[in-house]
Amino acid sequence: MIEPTRAAFLLIDMQNGFIDPTSALCVAGAADTVPACAHALDFARSIGMSIFHIRRIYSADGANVEPVRYRQWCDGGRPLSPASEDESSLNWPDLLTPADGDRVMVKPRFSAFFDTQLDDVLSREGISTVVLAGTTTPNCVRSTCYDALSLNYNVVILEDATSSRTPEVQRANIEDMAYIGAHIMSVVEFLEQGLSQVRDIAGDTARAIEAEYYAGGSAQGQVDRTTGAAAPCSAPASGSHPRTIDSRTLGSRTLAPTGTTAPPATRASSDARELPAMRAPRGI
């Protein structure tokens, strides 16, 4: 079971520039998921999850637009930028507007983790699970999912609160993410069960490795490969979790051990509108 206070709800790119059918970057089906996203968002707030609105802001000159998307963006009126012909392009639908206590993060590419401070913030707050909703499933949702798995987070995908350009693309990407280890839920299941049926795979794995370490397999059995002598044991203090065991890296982040409290994150403001933006790409 996942404790809601150790989970974050990431609402990805649910902005008018990706939702409005008249936008050059509209994702077919995204508009239909707005009610589902809103129900999931409200419920996540109600059970104490951390809320992050992940958004895309293109520069007026297009310097941070993906090259494969640039011509479409330029010819389509420069949506999701200050130069957009549609002033509402950067905004959220009314149902998905950030509330007090929610936070907004700007990402420079598809994944919410790519060249942002998201992992640092989540780690400092002791977050071990991310719940993903938004658009588009094969690009931003999937990229965020795989980066989260690579960083040792548990990942939950709310299937009917995500969208793709066709049902076939949606189905194939959901199947791929399920196969690699993401937990797939419907919004109704999320509202009824919360995270009670989600397995803490990341935590279980870390604890299993720690148990093996202290059982003596690695901590007491290491041998100096040069001399053949037993290497001195430098096991960490009881209750902590080593970042490396037997020269095997566990990952760029390590879950806080059971019974410990992660230090609070440093925030410039709790107001979503005032949260500092992520690192801007070069040329901005």
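**Figure 1. Glu-66 is a buried acidic residue in a salt bridge.** In this predicted model, Glu-66 has a relative accessible area of 3% and is buried. Its partner is Arg-56, and the closest N and O atoms of the two are 3.2 Å apart. Both residues lie in the loop between strand S2 (50-55) and helix H3 (67-75), so the salt bridge ties together parts that are 10 residues apart in sequence. Arg-56 is buried as well, with a relative accessible area of 1%. Burial here means under 20% relative accessible area, so the values for Arg-56 and Glu-66 both qualify. Side chains of opposite charge can pair when their charged atoms come close.

**Figure 2. The buried residues of helix H5 and their packing partners.** Helix H5 covers residues 137-150. Its buried residues are Thr-137, Cys-140, Val-141, Thr-144, Cys-145 and Ala-148. They pack against three strands and a helix: S1 (7-12), S4 (129-135), S5 (154-163) and H6 (167-180). In an α-helix, residues three or four places apart point the same way, because there are 3.6 residues a turn. Just after H5 comes Asn-152, which takes a positive phi of about 70°.

**Figure 3. A salt bridge between helices H5 and H6.** Arg-142 lies in helix H5 and Asp-176 in helix H6. Their side chains meet in a salt bridge, at 3.1 Å from N to O. The pair therefore ties together parts that are 34 residues apart in sequence. Arg-142 counts as partly exposed, at 22% relative accessibility. Asp-176 also counts as partly exposed, at 36%. Helix H6 is also one of the elements that the buried residues of H5 pack against.

**Figure 4. A salt-bridge network around Asp-200.** Four residues are linked by salt bridges here: Arg-199, Asp-200, Asp-204 and Arg-207. Within this group, Asp-200 forms a salt bridge with Arg-207. Their closest N and O atoms are 3.3 Å apart. Asp-200 is buried, with a relative accessible area of 14%. Arg-207 counts as partly exposed, at 36% relative accessibility.

**Figure 5. Salt bridges across the model.** How many salt bridges are there in total? The count comes to 11. Among them are Arg-56 with Glu-66, Arg-142 with Asp-176, and Asp-200 with Arg-207. The first of these pairs joins residues of the loop between S2 and H3. The H5–H6 pair consists of Arg-142 and Asp-176. Asp-200 and Arg-207 belong to a network with Arg-199 and Asp-204.

Technical notes. Residues are numbered from 1 along each chain as its sequence is written. This is a predicted model: local features need pLDDT of at least 70, side-chain atom pairs count only at pLDDT 80 or more; totals for chains, interfaces and linings use all residues. Side-chain values use heavy atoms; hydrogens and water are left out. Buried means under 20% relative accessible area, exposed over 50%, partly exposed in between (1.4 Å probe, protein chains only). Helices (H or I, at least four residues) and strands (E, at least two) are DSSP runs, numbered from the N terminus. Contact means heavy atoms within 4.5 Å.
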